[in-house]
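Please open the model in your viewer and keep the sequence beside it, so that each selection can be followed in both places. The tour moves from the whole chain to a few chosen residues.

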Amino acid sequence: SQSTLGATTRCIDLEAEVAEAKGKCEGLASRVEEVEEACAARVKEIASETEAQVQEKDAEIERLSRRVGTLTESGRKAADEASMRMAEKLSMIHAMRKAAEERDLAT
């Protein structure tokens with residue numbers, strides 16, 4: 001029936017949105033990893049410099065550490081929010097499918 005077709009189309013749309021959100025989450029996680037690796041490499045680079053420069057670089061290391069912490073936290077927060085949205089959409093998909101099945105059985 002027409003309503004079942006509409007519900008199915010909406011489910012397909014929602015599944016595409018879920019896939020897109022998963023991709024964004026993976027992208028965020030990948031970016032956080034890249035930043036952490038870059039900061040770790042920079043810290044190693046700083047550590048290999050002469051003793052006279054180490055004190056000068058301590059402040060930079062601290063700033064980098066705070067930045068990584070901020071990026072990691074915001075990345076996790078965004079991933080958590082996207083995960084909650086995906087769960088809501090999946091729940092909606094399930095409810096719509098169930099309603100469509102019940103309508104089909106009733107006809």
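How many helices and how many strands does the protein have? Colour the chain by secondary structure, bearing in mind that this is a predicted model, and you should find two helices and zero strands. The radius of gyration is 24 Å, well over the 13 Å that the globule rule gives for 107 residues, so the protein is more spread out than a compact globule. If you turn the model along its principal axes, the C-alpha atoms fill a box of roughly 85 × 15 × 15 Å.

Stay with the whole chain for a moment and switch on its surface. The accessible surface comes to about 7800 Å², and 55% of that area belongs to carbon and sulfur atoms. Buried residues make up 19% of the 107 residues. Of the contacts between residues at least 6 apart in sequence, 80% join residues that are at least 24 apart.

Next, select residues 2-47, which form helix α1. This helix has 46 residues and reaches 67 Å from its first C-alpha to its last, which is close to the 68 Å expected at 1.5 Å a residue. Which residues of α1 are buried? Among them are Thr4, Ala7, Cys11, Leu14 and Val18, and further along the helix Val32, Val35, Cys39 and Ile46. As you step through such a list, it helps to remember that an α-helix has 3.6 residues a turn, so residues three or four places apart point the same way.

Pause at two cysteines of this helix. Cysteine 11 counts as buried because its relative accessibility is 3%, under the cut-off of 20%. Cysteine 25 is also buried, with a relative accessible area of 13%. There is no disulfide to look for, since the structure holds zero of them.

Now select Val18, Ala21, Cys25, Ala82 and Met86 together, and you will see the five residues of the largest nonpolar core. The elements that give two or more residues to this core are α1 and α2, the latter covering residues 51-106. With three residues, α1 gives the most.

Finish at alanine 79, which is found in helix α2. Is alanine 79 buried, partly exposed or exposed? Its relative accessible area is 24%, and because this lies between the cut-offs of 20% and 50%, alanine 79 is partly exposed. Leaving aside residues up to four places away in sequence, alanine 79 touches Cys25 and Leu28. As a last step, draw a distance from the C-alpha atom of alanine 79 to that of glutamate 102, 23 residues apart along the chain, and the separation is 34 Å.

Note on methods
Residues are numbered from 1 along each chain as its sequence is written. This is a predicted model: local features need pLDDT of at least 70, side-chain atom pairs count only at pLDDT 80 or more; totals for chains, interfaces and linings use all residues. Side-chain values use heavy atoms; hydrogens and water are left out. A nonpolar core is a set of buried Ala, Val, Leu, Ile, Met, Phe, Trp, Tyr and Cys residues joined through side-chain atoms within 4.5 Å. Buried means under 20% relative accessible area, exposed over 50%, partly exposed in between (1.4 Å probe, protein chains only). Helices (H or I, at least four residues) and strands (E, at least two) are DSSP runs, numbered from the N terminus. The expected span of a helix is 1.5 Å times one less than its number of residues. A disulfide is a pair of cysteine sulfur atoms within 2.5 Å. The radius of gyration is taken over C-alpha atoms; the globule rule is 2.2 Å times the number of residues to the power 0.38. Contact means heavy atoms within 4.5 Å. Accessible areas come from the Shrake-Rupley method with a 1.4 Å probe; for residues, only the protein chains shown count as cover.
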